[in-house]
Amino acid sequence: MPILYPPRLAGKARELCSYLAQGYRTLGLILSVGRPRIVAYLVADEDWREAPRDYTRPYPTGLPYFTRSVEPPALVLPGDLSPVFRPRTAATLPLTVWHELAHAFLLGREVVRTPAWLGEFVPQAVSAAVARRVGLPLEEHLSRIEREPGFTVRGFRGPAGAEDQMLFQNLLLLLGAAALEEFGEAFLRRIFHALWEEDQIVDEGRAEELLADALGPGGREWLASRPEFEEDQP
Ligand SMILES: [Zn+2]
């Protein structure tokens, strides 16, 4: 997967390049699909306003994203991750890169709207699955996540500040890692295909059904047993 970068960020580009290659290769294997044609731009903070993006307003610096506003579509990666990315461990950067790659693979085909928790659960579970495949241990990273941030993944309501977004993403990472532990990685292929096949907007009930079915036998009961997934408290 090609990466474009300014010469002074060559060291960072090399590091990112290896995560991108691992993620790109592994995602193709996990999902057993053709890999989309995408590129990565490593962009310095001072050039951030010029980076390709979907909306005209510049995005906050330090937050990686995927955009289809250029051809081929691109991952835009900052030289330094924003301090909102927590916890900070050796896994933070690769997980973030694999999360964005998962969005890129999913958006390789048309996808209908889903509740935020499902749309972000999928890339978080993917990033944990890539970590398992490439032998990146996640125990320390997961142990430093806030398990009871005061909402559950279904109770989380946007728009939220960057810190709450991070707590939300981290809950989804816990749920994704637990799902992999319980069901293995085959559910990822099933949920990608299920999302590609949906042609109506996915509401709350349908989202739950899609995920439970993708997990396989016992999926519904397992979801109901997870504290991260509890019903929104009024
Ligand atoms: Zn995301």
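**Group meeting: a zinc site, two cis prolines and the cores**

I will start with Pro72, which lies in the loop between strand 3 (65-67) and strand 4 (74-78). Helices (H or I, at least four residues) and strands (E, at least two) are DSSP runs, numbered from the N terminus. Residues are numbered from 1 along each chain as its sequence is written, and side-chain values use heavy atoms, with hydrogens and water left out. This is a predicted model, in which local features need pLDDT of at least 70 and side-chain atom pairs count only at pLDDT 80 or more, while totals for chains, interfaces and linings use all residues.

Back to Pro72. A cis peptide bond joins it to Glu71, with omega about -5°. There is a second cis bond, from Arg86 to Pro87, where omega is near -10°. Pro87 sits in the loop between strand 4 and helix 2 (92-106). For context, most peptide bonds are trans, and most residues other than glycine have a negative phi.

That brings me to Ser32, which is not a glycine yet has a positive phi of about 35°. Its place is the loop between helix 1 (10-31) and strand 2 (39-43). Is Ser32 buried or exposed? Ser32 is exposed, at 52% relative accessible area. Here buried means under 20% relative accessible area, exposed over 50%, and partly exposed in between, using a 1.4 Å probe and protein chains only.

Next, the metal. Which protein atoms are donors of the zinc ion? They are His99 (NE2), His103 (NE2) and Glu120 (OE), lying 2.0 to 2.1 Å from the ion. Donors are N, O and S atoms within 2.8 Å of the metal (3.2 Å for Na, K and Ca); water is not among the atoms, so sites may look incomplete. Along the chain the zinc donors follow the spacing H-x3-H-x16-E. His99 in helix 2 and Glu120 in helix 3 (residues 116-134) are 21 residues apart, so this pair links distant parts of the chain. His99 counts as buried at 7% relative accessibility, and Glu120 does at 19%.

Last, the interior. A nonpolar core is a set of buried Ala, Val, Leu, Ile, Met, Phe, Trp, Tyr and Cys residues joined through side-chain atoms within 4.5 Å. The largest one has 77 residues, and those with the most contacts inside it include Leu101, Trp117 and Phe192. Helix 5 (residues 162-183) gives the most to this core, with 12 residues. Apart from it lies another core, of 5 residues, among them Val43, Trp48, Tyr65 and Val76.
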